[in-house]
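Dear colleague,

I am passing on the structure below, and I would be glad if you could look through it alongside the notes that follow.

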Amino acid sequence: MCFFDKRLLYKGLVVFLVVVLMSSCKDFSKSSLSGKEIRIERKVDSVLQKMTLIEKIGQTAQRGKSSRVKELPEHLKQAVRDGKVGSFLNIMNVEDAAELQRIAIEESPNGIPLIFARDVIHGFKTIFPIPLGQAATFNPHLVERGARISAVEASSKGIRWTFAPMLDISRDPRWGRIAESAGEDSYLTSEMGKAYIKGFQGDSLKETTSIAACAKHFAGYGAAEGGRDYNTANINENLLHNEYLKPFKSAVEANCATFMAGFNELNGVPVSGNSYLLKEVLRNDWGFDGFVVSDWNSVTEMINHGFAKDKKEAASKGINAMLDMEMTSTAYEEHLEELIEEGLFSEKKLNAIVRNILRIKFELGLFENPYFEKDDAVLYAKSHLDAAKEAAVESMVLLKNKEKRLPISKKQKIALIGPLVDAPHEQLGTWTFDGEKEHTITPLQAFKEDKGLEWSYAKGVAYSRDKSKEKFNEAIRAAKSADVIVFFGGEEAILSGEAHSRADLSLPGVQEELLLELSNLGKPIVLVVMAGRPITLERVLPKVDAVLMAWHPGTMGGVALKSLLYGEVSPSGKLPISWPKKAGQIPIYYNHKNTGRPVIPEKYVGIDDIPVGAWQSSLGNTSHYLDAGYLPQWPFGYGLSYSETMISEVQWTPIQPKEGDQISISFTVSNVGKYPIKETIQLYFRDVSASITRPVKELLRFEKIRLDANERKRVNFTFSTEDLKFYNSTKGWSFEPGDFVFWVAKHAQDDINKINLTIE
Ligand code: NOJ
């Protein structure tokens, strides 16, 4: 009896403690917090209580300093001293960063640390391939390792926040920012996004080498009309949830610390003031508890969009949508106080915003450890360069290899031609602020370092857009003395990236002309393309024997290329986007809808098949172009190796799956060639009929496997009916039982291994 009483007593005590704890947490935005989270919320609260309104507004301000201004301006120092700045971007002088942090800690009213941000997109000093190239590796482990290295290098200069990964689904190669994306597929983009986030943020944000990631540009920026940057995006609700938002949702699940709102408007509402996206979806539905930063001036750009009449209204729309931090423009700084006084916003809501920002600063350990130790030894470390080489090797995609022209035998003499054979700045690609061309190995340098090779060299054109044919003769002379011509063509770095959209996607300048002249020599030609997007090659493709897409491969691009060209390693990259034949086919992506009149290949009628004077009718035609057919040049997921692989013995369980089941598809992959390779096997599915139309195919899983010559491996993919759910605006997310087709494949147009399943 006595024992029973004691237990009751203990129980009562525990209940009492929980109630006390919960009541002291009453301001917390969530009730199901872990111990660590509760500790952080307590710390956030204790700081928040001491802050004045001006300081709270200060936390929402992100300021920058132009790199053209040498001295740290006094007004910036004073703003920090007054507690009017929460973050800086692009302060690249470590002494300046240290001084600003010192002022924040020692001289500002509450000693709140600043957070320094930078666009560390595909490397800091050691530059990895552009993100589109990294997506082509189909290897999240390499991507995670690259991001970890970038974090180690960037944090050694005090940077604790990067504006990456970019998770915009990009179905339009005219859009320059496709280079920063993981391409057209939401599953691949999600997997790549998670890998970047894990790499940047490490095991814990608190580690001094961890940097906060930023999922951007939330959302729909990649759907810019006509591929013109900053342009209007109209995406219906179903498509938005089923494609465009998925990678962002998985970023929240991967604990991405911050988000960035896009420049774009989405369905008539600029994202920086879009309550549906920022409040309903991101906070309420997904439970995001980090903070959201605007894009550069995007709050005040709502005036240009025609969504706010002045800065004050822009501030009101941004803050009421719970956009936490304003990058560079000053609408919040100038108008928040007034908005609160007039009752157009409340201090209570501002507290929630400041909490979001302080929470991340605490998680990064900035309050305890605001300073950083400069460590130049980590920059360009040998292991970093090795990792950059491996990423570059795995990113490159072999698109054509007529009569196995590649690899080249070391006994053959090579002519190295083209504008990108020795262009260290260009091969680093877009969004490279810190990587230096002096540390970059170009193909020419890689060849020079290998004494056993015989080669000649002449660029033929000075740079990718060069229109002069003056140097053609030099190139032709160099080519005449060689057995094989390797042409390094493509685009300079500045032709892709922000605000660098193109309407014509062919090789710029007179590169095509040079290639055509070289082809008259009758020698084998290998075309290496370095570019931030797919390049339309219709005119030159018949004239070249092999095509290797190298993207902008980064610091170690030249070494990676040399090892692939000579077969030291086999190419293993796969296209993360459909490669168009002509720009007029865009948008062209593998997971399109079927239409009521899908293509029937046998019935295809091309422009020259139409009889002269034909009767006005559809001629039985289906959904295609008369002058470009219905297929891309190369499909999503495509890429050759130096071997051949086969998929066989496909089995699945359960034989008759039901809703809720785990479904497993296993198969054998055989390397039937003589080179060791890596092959990426892809699992696609089609939901045959549903309450809203579904794409003709969707990527469900992928795995990159290593196979020695003649090796066979059994591979298994597992998924559940949860993975087959889709969003229907009237029903929300659901799985709809019915008929499905699944197939394992080497690319999106390889559909020979089909399994038809009815899932009840
Ligand atoms: C504008 C770009 O859209 C964004 O991606 C970038 O992070 C910011 N500027 C900061 O440089």
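To begin with one residue of the backbone, Y380 is buried, because its relative accessible area is 12%, where buried stands for under 20% relative accessible area, exposed for over 50% and partly exposed for what falls in between, with a 1.4 Å probe and protein chains only. Please keep in mind that this is a predicted model, in which local features need pLDDT of at least 70 and side-chain atom pairs count only at pLDDT 80 or more, while totals for chains, interfaces and linings use all residues. Residues are numbered from 1 along each chain as its sequence is written, and side-chain values use heavy atoms, with hydrogens and water left out.

Y380 is found in the loop between α15 (347-363) and α16 (382-395), helices (H or I, at least four residues) and strands (E, at least two) being DSSP runs numbered from the N terminus. Its phi is near 55°, a positive value in a residue other than glycine. E649, in strand β17 (residues 645-653), likewise has a positive phi, near 50°, but E649 is partly exposed, with a relative accessible area of 45%. Most residues other than glycine have a negative phi, and most peptide bonds are trans. A cis peptide bond joins L406 and P407, with omega about 0°, and P407 is in the loop between β11 (397-401) and β12 (414-417). Another cis peptide bond, with omega about -5°, joins K216 and H217, and H217 is in strand β5 (residues 214-218).

K216 and H217 also appear at the ligand, where they are among the residues that come nearest, together with D119, R177 and D295, out of 13 around it; a residue is counted there if one of its heavy atoms lies within 4 Å. As for polar contacts (pairs of N or O atoms within 3.5 Å; within protein, one must be able to donate a hydrogen and the other to accept it, and residues adjacent in sequence count only if both atoms are side-chain atoms), polar side-chain atoms lie 2.5 Å from a ligand oxygen atom for D119, 2.6 Å for R177 and 2.8 Å for K216. The protein covers 96% of the 300 Å² of accessible area that the ligand has on its own, by the Shrake-Rupley method with a 1.4 Å probe, only the protein chains shown counting as cover for residues.

Turning to the interior, a nonpolar core is a set of buried Ala, Val, Leu, Ile, Met, Phe, Trp, Tyr and Cys residues joined through side-chain atoms within 4.5 Å. The largest such core has 98 residues, of which W161, F163, F218 and F259 touch the most other members. Apart from it lies another core, of 41 residues, among them I130, L399, L514 and W579.

A482 sits in the loop between α18 (472-480) and β14 (484-490) and counts as buried because its relative accessibility is 2%. Leaving aside neighbours within four places in sequence, A482 is in contact (heavy atoms within 4.5 Å) with K413, I414, A415, S456 and K523. From A482 to L416, 66 residues apart in sequence, the C-alpha to C-alpha distance is 9.3 Å.

Finally, the buried residues of α2, including I38, E41 and L48, pack against α3 (53-59) and α15.

With kind regards
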